[in-house]
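Trainee: Got a minute? I'd like to go through the packing of this one with you.
Mentor: Sure, put it on screen.

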Amino acid sequence: MRQRSLIAITAALAAGALTLTACGSRDDDGGSDSGNGGGGTTVVIGVDAPLTGDLSALGLGIKNSADLAAKTANKNKTVEGVTFKVEALDDQGQPSVGQQNASSFVANKDVLGVVGPLNSSVGESMQKVFDTAKLVEVSPANTGPSLTQGPDWRNKKVRQYKSYFRTATTDAIQGPFAAQYVYNDAKKKKVFVIDDKKTYGAGLAGTFTDEFKKLGGQVVGTEHINPDTKDFSSVATKVKNSGADVVYYGGEYPQAGPLSKQIKEAGAKIPLVGGDGIKDDTFIKLAGAAANGDLATSVGAPVEELPSAKKFVADYKTEGYKEDYAAYGGYSYDSAWAIIEAVKKVVEDNGGKLPDDARAKVTEAMQNVSFDGVTGKVSFDEFGDATNKQLTVYSVENGAFNDVKSGTYTG
């Protein structure tokens, strides 16, 4: 996923005075104690996500879930002699801040892996910084195909960075999956496509559009919105006059909620469909009653319904985190656990201790990491993409998202 926040970059951030935000109880150096480990060597797992602003509901779930993974590893002494500690930085959904955060993680010699970010555009800004330092990055939420397969991924897939991995599937699959549901299952034939001009939103709208047209659907209108505004009345009027029976929006819930509401107010009583970027309860709050009947796709199967996720859900509740694990909690836990597994392999291969070139070795080990995680089987293909390609369609019914269909894209 994703791209933005309305929070401006403060002067302190612009000057590089980044503050580490702890993911648990504080200790003297501002990190998270992440539970009691086995002592010895401390390995820091960085987390980069929007911890403030419009997208913080998703970002805080990412942070907390990575923290839970570290606490679990410490409690179980998963890596003998290693204590995992989580340190999180707020990227505010802004690429420039994310890039600064990446440099801060690189500068901390104890950081051997980073979970995040949420937004695909932020991910783009961080990749080279991490790759140059041979510091592994595992995103639970980036879905833009180009991050792993290159800008010309439709014609020729070329891996971009060997240090970049993700546990979420890509929009090369998510967009077409949504199009197939909208056309074949929801029986909608005329779509008005809107996006926020960002890496995630525009890319997702593009892959949806290609598949919808291939299926025989008609695109009756397109529009790009300014994500910094909440007045979409002119776009809503265009949708009403287009004769569309469905709207597809590539973007995130801070804009999707008001957009859905204003489209219905304009007289177009048709569903708005979006990707994982709108699949948060905040979307429903922003759209109000207009959200009923709207649809969203999201990566994986519903965590609450996965047998593999029962312990995660219970442990998250026991830890008493104030925020929900949200859409990417399970994927964030699995991203952090992938880093833990890679560290374990490196330590075991080096006689029970970390080698001098630990970062490079952890990055190498990540390619072959494979385990049964919260979200199912976790492993990576030759591009660093998740091998788990499952997706789910959700419908808003009576003020809540309910899953209506899970599966994989069949092109």
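Trainee: Which residues does Phe283 touch, not counting residues up to four places away in sequence?
Mentor: Keep in mind that this is a predicted model. Phe283 touches Tyr253, Ala256, Gly257, Ser260, Leu272, Ile278, Ala291, Asp294, Val396 and Phe401.

Trainee: And which members of the largest nonpolar core touch the most other members?
Mentor: Phe283 is one of them, along with Phe84, Ile194, Val239 and Met366. That core has 105 residues.

Trainee: Which helix gives the most to this core?
Mentor: Helix α12, residues 329–349. It supplies 11 residues.

Trainee: Where does the core lie relative to domain 1 and domain 2?
Mentor: Between them, because both domains give residues to it. Domain 1 is 42–169 + 303–380, and domain 2 is 172–299 + 392–408.

Trainee: What about a second core?
Mentor: There is a separate one of 10 residues. Leu89, Ala102, Val114 and Met126 are among them.

Trainee: Switching to empty space. How many cavities of 30 Å³ or more are there?
Mentor: The count is 2. The largest holds about 50 Å³, and the second largest about 30 Å³.

Trainee: What lines the largest cavity?
Mentor: Thr167, Tyr331, Thr375, Lys377, Val378, Ser379, Ala386, Thr387 and Asn388. By class, that is 3 nonpolar, 5 polar and 1 charged.

Trainee: And the second largest?
Mentor: Thr167, Ala168, Thr169, Val299, Gly300, Tyr331, Asn388 and Gln390. That lining has 3 nonpolar and 5 polar residues, with no charged ones.

Terms used. Residues are numbered from 1 along each chain as its sequence is written. This is a predicted model: local features need pLDDT of at least 70, side-chain atom pairs count only at pLDDT 80 or more; totals for chains, interfaces and linings use all residues. Side-chain values use heavy atoms; hydrogens and water are left out. A nonpolar core is a set of buried Ala, Val, Leu, Ile, Met, Phe, Trp, Tyr and Cys residues joined through side-chain atoms within 4.5 Å. Buried means under 20% relative accessible area, exposed over 50%, partly exposed in between (1.4 Å probe, protein chains only). Helices (H or I, at least four residues) and strands (E, at least two) are DSSP runs, numbered from the N terminus. Domain bounds come from an automatic or database domain assignment. Contact means heavy atoms within 4.5 Å. On a 1 Å grid over the protein atoms alone, a cavity is a set of points where a 1.4 Å probe fits but cannot get out, and a pocket is an open set with protein on both sides within 12 Å along at least five of seven lines; lining residues have an atom within 4 Å of a point. Grid points are joined across faces, edges and corners, and a volume is the space filled by probe spheres set on the points. Ala, Val, Leu, Ile, Met, Phe, Trp, Tyr, Cys and Pro count as nonpolar, Asp, Glu, Lys and Arg as charged, and the others, Gly among them, as polar.
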